[in-house]
Each structure stands twice: as C-alpha cells, then as structure tokens.
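Below are some notes on the model you sent. They go from the chain as a whole to particular side chains.

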Amino acid sequence: MSAQDDAVTTPRDDEAPALLQVRDLEVTFTTDAGPVVAVSGVSFDVRAGQTVAIVGESGSGKSTVAAAVLGLLPRNGRVTAGSVTLDGQSLLGLSQRRLQRLRGRVLGLVPQDPMTNLNPTATIGRQLVETLEDTGTASGKEARDRAVELLTEAGIGQAEERIAAYPHQFSGGMRQRALIAIGLSASPELLVADEPTSALDVTVQQVVLDRMEQLTAARGTAVMLITHDLGLAADRASDVLVMYRGELVESGPALTLLREPTHEYTKRLLAAAPSLASRRIEIAKQTGAEDAVEGDDLLARTDGHETGTDEPPLIRVENLRKVFPGARRGLFGREPDVVAVDDVSFDMPRGRTVAIVGESGSGKSTVARMLLHLLEPTSGRVLLEGQEVDARRQADEIAFRRRVQPVFQDPYSSLDPLFTVFRTIEEPLRAHGYGDARTRSQRVYELLDQVALPAAMARRYPAELSGGQRQRVAIARALALQPDVVVCDEAVSALDVIVQSQILHLLADLQERLGLTYLFISHDLAVVRQIADHTCVMEKGRIVEQGPTDVVFDSPEEPYTQRLLAAIPGRSLELSL
C-alpha cells in the first residue's frame with residue numbers, strides 16, 4: 001500500500017474505527033473491444049458519522065466505485081480485485097437476495113436525477129411506504145404515518161397533503177428531498193449520495209444539502225458524497241478523495257487538500273471549480289491582490305464601473321412582459337393567468353456580456369426566448385441597434401436571426417443525432433443560402449478551428465462526442481452566420497467543472513477575437529462572476545437588482561441577491577491565492 005493509501009485508510013488516534021473499508025478495488029467492464037479496467041487500486045475508509053467526498057470529472061470512476069460498494073454494477077461490470085467491507089462484513093460475493101436485504105436498512109442511496117429515479121405513475125407516499133415495507137421498517141398505517149414524518153423531516157411542508165402528490169407535481173428541490181427521505185427511511189449506516197444536487201439551483205442545493213446533513217448527523221449515518229465540484233465537496237465533507245482515470249490520485253482533509261494540493265489534476269479541479277474561483281475573486285478584491293487571480297478567474301472585464309460607452313447599446317430590452325393564459329378547468333372556467341415576465345428592461349452594450357441570474361421559475365429563460373423571437377411578448381419590445389424588428393416581415397425576421405443566435409443548455413438534445421458534425425454546422429449556412437458547397441465546406445472547417453475541434457471531428461455523429469465536444473459544436477453552429485449576439489441559455493450547466501471552465505474560456509476568447517455580445521442565462525452565480533460584465537438578478541418575473549457584476553457581488557442591496565450569493569458553495573472557505 002502506498003503512502004497516499006496510508007493517509008486515507010489509517011484512522012487517527014481520536015477517530016472511531018472505519019465503518020466502510022475499501023481496499024485495492026478494481027472494477028472491469030466487458031466490452032466488444034475487450035475488457036476495460038474502469039477502477040484500479042482504490043483504497044479508502046469512511047467512519048460512522050463522517051462525510052467523505054469523491055470528486056472527479058465524468059469517466060473518472062467515482063460513480064463506478066459507488067456502484068461497486070452498493071452492488072449495483074451493470075451486468076457487464078464486475079469487481080476483479082480488492083475488497084469492500086461494511087462494519088466488518090464483506091459486501092463482495094453476496095447474493096442479490098442478501099444485498100437486497102442490506103439495501104435501505106444498511107446501505108442507502110440518493111441518486112442524481114429524481115425524474116428518472118422516482119416512479120412517475122406512483123405517488124410520493126406510495127413509493128415511501130413501499131420502501132418502508134420492503135426493508136421491514138414499518139407496514140400498514142404505521143408505514144403511512146412514518147412516510148409523512150419522513151417528508152416533514154426532509155423539509156417538505158404540508159406533508160400530510162403532499163404525500164398524495166405525484167413526482168411531476170413536485171419542484172426539482174422537493175423531488176430531491178423526497179429521494180433523501182426514501183434513502184434515509186430505514187436509517188442506513190452508510191448513505192451514498194451520487195451527485196444529489198447537480199441539477200438544482202444554488203439556493204435549493206443549499207437547502208437540500210443542509211437537510212441531508214441534519215438528518216445524517218441525527219442518525220450518525222456515514223456519507224459518501226459523489227460530485228464533480230471540488231468547492232462543493234470541500235464545503236460539505238471532512239475528507240476528499242480525488243479520482244482521475246479510474247485511480248485515486250490524491251486524498252486528505254478537505255481544507256488541507258484545498259490549500260496544499262500536490263497532484264496536477266487536483267490543481268486543475270481547483271482552478272476550474274466556479275465556486276472556488278468566485279471565492280478567490282472575492283478574497284483578491286478584499287486584499288487588493290487582483291493580479292494574483294488574473295487570467296484563470298477574472299474572465300470578464302469587470303472593474304466596478306459600467307462597461308458601456310456613450311454609444312447606444314447593441315440591444316435594448318424595454319418593459320418586456322409575458323403572460324401565459326391559465327389552463328382550462330373542464331367546464332368550470334380557467335386557472336389564473338401566469339405572469340412569467342413583468343416589466344423587464346436592460347441594455348446590452350456591444351462586445352460585452354450581460355448575465356441574467358435567478359432561481360428556476362424566475363423568468364430568465366422566458367426573457368431569452370423573447371429576445372430570440374422564439375416567444376412573442378405580451379407587451380414591451382426588443383430593439384436591435386435602435387430598431388424594433390417586425391416579425392411579420394419575413395426579410396426582417398431572417399436578417400434578425402442571422403445576427404442573434406442561441407446556444408442552449410443541453411448539448412445532447414440540441415444536436416440532431418442523425419446529422420454529422422459537418423452537417424450540423426453547415427445547416428444554418430444552407431438555410432440562409434450562404435455560398436456554394438465549397439464555400440460552405442471551408443466555413444465549416446474554419447468554425448471547427450475556432451472552437452478548437454480537429455477537422456477529423458467533422459465526420460462524427462453527436463453520439464460519438466463527449467459533452468464538452470458537443471457544446472463546442474453547438475457554439476460553432478451558432479457562429480456559422482457570423483452573428484453579433486449569442487444568447488447562452490444555461491450553456492455550461494450540464495457540464496463537468498473542467499469542461500465548463502474550458503467552454504467559459506472559449507467563449508471569452510471568441511468574444512475577444514470576434515467582438516461578440518453575449519446574453520448569459522444562468523442559475524449559477526459563481527459562473528456569472530467569472531464571465532459577466534453586467535448582471536441582472538431576476539425574482540418572480542422581475543429584475544430586482546442590476547448593475548456592474550463587481551458591484552452586484554460585492555455590495556448587493558436586495559435580500560434576494562444576498563441570499564443567492566450566500567448559497568454559493570465554499571463562500572466561507574479560507575483559501576490562499
């Protein structure tokens with residue numbers, strides 16, 4: 001065993017013996033191309049009541065380790081070396097029946113995506129009751145009463161009524177809290193939380209993690225937290241394990257690892273984590289050491305002053321309002337209308353980045369869709385160089401779409417799976433009658449070069465690309481017609497932190513070289529601090545605060561803005577620059 005392994009697996013004198021012991025774990029997958037070792041030589045301990053975080057990008061092996069501990073590897077995966085013991089009992093080689101008995105009562109799981117892990121045809125209460133009955137915790141009326149208690153403990157109000165709701169009737173945060181209630185229903189000794197908040201807003205993420213922390217502390221439950229965000233890991237775990245390409249490359253107490261990382265990959269994760277970048281910017285401005293973080297963190301040209309000049313804005317949004325009619329209630333009329341956006345106004349100076357931030361449902365994406373002419377406003381207008389575009393005139397609409405292009409959140413669904421990369425990027429050129437076939441081909445390869453993709457990528461299909469590569473293709477497609485404005489609607493929220501950092505730097509570089517103007521929609525304030533010149537904060541359809549990014553972050557006036565900023569993971573961590 002290496003010195004690094006000793007540091008992970010040997011308890012200190014004041015520590016309790018390890019509840020979970022993983023030693024030299026190796027996991028191999030059988031593929032058409034032969035066996036693939038996905039995890040190799042991984043060793044660590046987790047003590048009762050302790051939270052240990054495993055961090056790394058997609059494909060690093062962190063979720064595979066969790067699946068091996070839980071006995072949930074896919075059929076083509078198996079543990080080919082090492083041991084996994086829980087409270088002295090080996091978990092490897094157990095029959096599925098014995099493992100099933102352990103799950104829930106001894107091993108708990110909070111998975112990543114509640115929409116795919118909750119049964120859409122069963123009520124939340126039914127799913128909780130089934131878990132309680134399957135684990136032998138309670139049955140009948142006792143199980144139902146306990147289900148109500150669990151939902152209440154998980155922070156869901158009016159649990160007596162909510163227990164009859166279906167998953168689609170819950171918000172994202174409520175669904176995740178329901179999964180936590182299910183995972184902890186039988187008071188397991190070990191809870192595996194696999195990216196439990198990656199799809200949630202920062203404020204909802206904070207509430208969910210706080211609730212999980214309270215519940216596990218009350219039960220003395222050990223927690224394995226799987227995440228790609230090192231800032232979140234350091235904020236929530238006592239110890240952090242860093243995985244890279246199936247191996248454990250560094251581990252130790254969270255704050256020690258943050259302040260004195262030794263492995264190059266850990267340093268890359270630290271540099272890429274938006275929450276830590278935001279914290280470093282904050283510390284630098286407090287200490288007057290801005291030069292210490294220039295380049296990696298300060299992507300935006302924010303200096304505390306308005307970034308525009310005396311010239312008129314490229315885009316002006318005036319008093320936008322969008323009202324969605326209420327749904328029909330059979331023969332008894334309609335539900336009340338929904339005001340999604342209410343009197344929103346802001347300017348977008350040429351060559352700058354304006355960000356709109358807020359929680360889900362705040363109206364920010366609705367504003368983006370109205371600006372893109374994908375949604376007609378109820379009232380208000382969008383001016384391009386002082387002129388309102390007449391959507392009724394086809395020529396005006398086509399000219400507008402050449403100049404204003406979108407990059408959407410999910411690179412998996414925004415690319416046609418039947419189109420090659422070449423055809424995907426060429427499509428807007430064809431649609432707008434850009435040149436002949438040879439000219440279009442030259443333009444496609446120019447765009448691939450601009451987004452740092454090799455020419456050979458042109459022949460591939462989306463399924464053959466990573467998430468970051470897909471998003472680069474989406475950006476290339478948006479740039480095909482040489483637009484003035486690019487609307488990025490949660491364009492990096494579905495990506496790992498390292499890939500996210502690469503895309504942010506790419507966007508900043510393209511803006512510098514091409515003079516692009518960005519509207520950047522995000523629920524992640526840590527990302528916004530890195531890239532935006534001007535920030536608008538939306539709550540319940542209205543802009544409640546806006547100004548230069550530094551001013552909004554350093555001197556927020558609205559309680560809502562203050563709450564959003566306080567929810568950024570790692571906000572109170574003491575970091576070195």
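1. The chain exposes about 25,700 Å², and carbon and sulfur atoms supply 47% of that area. The model is a predicted one, and the remarks below should be read accordingly.

2. Of the 577 residues in the chain, 54% are buried. The secondary structure comprises 22 helices and 20 strands. Taking contacts between residues at least 6 apart in sequence, 70% join residues at least 24 apart.

3. On the surface, Arg97, Arg98, Arg101 and Arg105 form a positive patch. One of these residues, Arg101, belongs to helix H3, which spans residues 96–102. Arg101 counts as exposed because its relative accessibility is 52%, and the cut-off for that class is over 50%.

4. How many salt bridges does a search of the whole structure find? The search gives 29. Points 5 to 8 take up some of the residues involved.

5. Arg126 and Glu130 are joined by a salt bridge between their side chains, with an N to O distance of 3.5 Å. Both residues are in helix H5 (residues 124–134), and they are four residues apart, about one turn of the helix. Arg126 has a relative accessibility of 36% and so counts as partly exposed. Glu130, at 37%, is therefore also assigned to the partly exposed class.

6. A salt bridge also connects Glu385 with Arg403, where the closest N and O atoms are 3.3 Å apart. This pair links distant parts of the chain, 18 residues apart: Glu385 is in the loop between strand S14 (379–384) and strand S15 (387–388), and Arg403 is in helix H15 (residues 394–403). Glu385 counts as partly exposed because its relative accessibility is 41%. For Arg403 the value is 24%, so this residue counts as partly exposed too.

7. In the salt bridge between Asp554 and Arg529, the closest N and O atoms are 2.9 Å apart. The pair links distant parts of the chain: Asp554 lies in helix H21 (residues 549–554) and Arg529 in helix H20 (residues 525–531), with their positions 25 residues apart in sequence. Are the two partners buried or exposed, in full or in part? Asp554, at 39% relative accessibility, counts as partly exposed. Arg529 has a relative accessible area of 3% and is therefore buried, the limit for that class being under 20%.

8. Salt bridges with shared partners also build a network, which joins Arg146, Glu149, Glu153 and Arg219.

9. Val382 is a residue of strand S14. Its relative accessible area is 10%, so Val382 is buried. Which residues does Val382 contact, leaving aside its neighbours within four places in sequence? The contacts are Ile315, Arg316, Val317, Leu320, Met370, Leu371, Gln387, Glu388 and Val389. Phe346 does not appear among these contacts; the C-alpha atoms of Val382 and Phe346 are separated by 9.9 Å, and the two residues are 36 apart along the chain.

10. For checking in the viewer, I would begin with two sites. One is the bridge from Asp554 to the buried Arg529. The other is the positive patch that includes Arg101, a residue that counts as exposed.

How values were computed:
Residues are numbered from 1 along each chain as its sequence is written. This is a predicted model: local features need pLDDT of at least 70, side-chain atom pairs count only at pLDDT 80 or more; totals for chains, interfaces and linings use all residues. Side-chain values use heavy atoms; hydrogens and water are left out. Patches are made of residues with over 30% relative accessible area and no salt bridge: like charges are joined within 9 Å, nonpolar side chains (Val, Leu, Ile, Met, Phe, Trp, Tyr) within 5 Å. Accessible areas come from the Shrake-Rupley method with a 1.4 Å probe; for residues, only the protein chains shown count as cover. A salt bridge is a side-chain nitrogen of Lys or Arg within 4 Å of a carboxyl oxygen of Asp or Glu. Lys and Arg count as positive and Asp and Glu as negative; His and the chain ends are not counted. The place of a charge is taken as NZ of Lys, CZ of Arg, CG of Asp or CD of Glu. Helices (H or I, at least four residues) and strands (E, at least two) are DSSP runs, numbered from the N terminus. Buried means under 20% relative accessible area, exposed over 50%, partly exposed in between (1.4 Å probe, protein chains only). Contact means heavy atoms within 4.5 Å.
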